[in-house]
Amino acid sequence: MRTQYDDIGQSYERLKREMPLAKGPERATVEALTGAALTGGTPAGGTPAGGAAGGSVLDLACGTGWYSRIIARAGAASVLGVDISEEMVAAAERAEAREPLGIRYKVHDARTLGVIGRFDLVNAVWLLCYARDRSDLAAMARTIHDNLAPGGVYTGLEMNPRFDWAGPKATKYGLTHRPDADFPGGKELTVTAHVDPPISFQACFWEEEPVVTALREAGFRSVELVPAVLTADQAADPFWDDFRANPPIVGIRAVK
Ligand SMILES: C[S@@+](CC[C@H](N)C(=O)[O-])C[C@H]1O[C@@H](n2cnc3c(N)ncnc32)[C@H](O)[C@@H]1O
């Protein structure tokens, strides 16, 4: 089955390297969340996890393996990346051949993956936004939950359900979200990353209730939206004022 990301493939990583939103707060937030999970740490006020020190990681919707590699370099004992797009996984495998980190990859739809292990950490950056309805959300949440060991942690990053559509936009940080249609619980979006040439894709904005409900019903004992963080340099830079006023992204952390 061809997917929209098969036409993006390797060029996707330009977005990670060039787009201010991805280089800055997206990466800082994912590193903070996964780093804390891997060392058994707990973000301030968060629910304690079982601790995944040096643990096994499933990176769902791994794409070209950008975060799979960051997590492997940070000291995970093992990393398995899964993505629905053959082209994205092929790009991830080429990166692994260039810089062997022991990461394994697999092409599969996260909705129908079933249980392939009992991981300490399931990371999924930009997965839930590809759920087109509540039944997709429930299937993704079940896959995340069922592949975790007891006490294991899910870390995610998605569009911020509390994003104010009348407030400052993310365009100056390299991303445009065009709402195409509303549906109960969310919006269909055309998302454009302003790299050269621009990359566009279809995704969904989900409100908080459907996301939290899907994760709770999958069996998570705690579900938290974790505010995105800026790097120390960015925190002092007025360029990021709009981001602080209306963060377009949010971290998610859930404990099994
Ligand atoms: C925006 S990219 C993010 C890739 C990676 N997590 C990152 O942040 O670099 C979204 C990825 O989700 C994948 N994807 C979309 N729907 C999926 C599904 N149902 N199961 C697995 N992967 C999916 C796409 O193929 C694409 O690689």
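1. Helices (H or I, at least four residues) and strands (E, at least two) are DSSP runs here, numbered from the N terminus. On that basis Gly65 belongs to the loop between β1 and α3, and the protein chain as a whole has eight helices and 10 strands.

2. On the status of the model: this is a predicted model, in which local features need pLDDT of at least 70 and side-chain atom pairs count only at pLDDT 80 or more, whereas totals for chains, interfaces and linings use all residues. Residues are numbered from 1 along each chain as its sequence is written.

3. For the overall dimensions, the C-alpha trace of the protein chain spans about 40 × 40 × 40 Å along its principal axes. The radius of gyration, taken over C-alpha atoms, can be set against a globule rule of 2.2 Å times the number of residues to the power 0.38. For 256 residues a compact globule would come near 18 Å, and the 17 Å of the protein chain agrees with this.

4. Burial is judged from C-beta atoms placed from the backbone: a residue is buried if 20 or more other C-beta atoms lie within 10 Å of its own, exposed if 12 or fewer, and partly exposed in between. By this criterion 43% of the 256 residues in the protein chain are buried. Contacts are defined by C-beta atoms, again placed from the backbone, that lie within 7 Å of each other. Among contacts between residues at least 6 apart in sequence, 71% join residues at least 24 apart.

5. The ligand is surrounded by 19 residues, the closest being Ala61, Gly63, Ser85, Ala110 and Tyr130; a residue is near a molecule or strand if its C-beta atom, placed from the backbone, lies within 6 Å of it. The shell divides into 12 nonpolar, three polar and four charged residues, where Ala, Val, Leu, Ile, Met, Phe, Trp, Tyr, Cys and Pro count as nonpolar, Asp, Glu, Lys and Arg as charged, and the others, Gly among them, as polar.

6. Ala61, listed among the closest residues to the ligand, also deserves a look at its backbone, since its phi is near 55°, a positive value in a residue other than glycine. Ala61 lies in the loop between β1 and α3 (66–73), and it counts as buried because 23 other C-beta atoms lie within 10 Å. Trp126, in the loop between β4 and α5, likewise has a positive phi, near 65°, but with 18 C-beta neighbours inside 10 Å it counts as partly exposed. The peptide bond from Asp196 to Pro197 is cis, with omega near -5°, and Pro197 is placed in the loop between β7 (186–193) and β8 (199–206). As background, most residues other than glycine have a negative phi, and most peptide bonds are trans.

7. Helix α2 (residues 20–38) has 19 residues and should span 27 Å at 1.5 Å a residue, which agrees with the 26 Å between its end C-alpha atoms; the expected span is 1.5 Å times one less than the number of residues. The helix nevertheless bends by about 35° at Glu26, the bend being the angle between axes fitted to the seven residues ending there and the seven starting there. Glu26 is itself one of the buried residues of α2, which also include Leu21, Pro25, Val30 and Leu33.

8. In helix α5 (residues 134–146), the 13 residues should span 18 Å, and the end C-alpha atoms are indeed 18 Å apart. Its buried residues are Leu137, Met140, Ala141, Arg142, Thr143, Ile144 and His145, and what covers them includes β1 (56–60), β4 (119–125), β5 (148–159) and α6 (208–218).

9. Two glycines may be read together. Gly65 counts as buried, with 26 C-beta neighbours inside 10 Å, and, leaving out residues up to four places away in sequence, it touches Gly81, Ala92, Ala95, Glu96, Ile103 and Tyr105. Gly55, in the loop between α2 and β1, is buried with 21 other C-beta atoms within 10 Å; beyond four places in sequence, its contacts are Leu38, Ala76, Ala77, Asp120 and Leu121. The C-alpha atoms of Gly55 and Phe119 are 7.6 Å apart, although 64 residues separate them in sequence.

10. Trp206 is found in strand β8 and counts as buried, with 22 C-beta neighbours inside 10 Å. Not counting residues up to four places away in sequence, Trp206 touches Leu128, Cys129, Pro161, Gly185, Gly186 and Val211.
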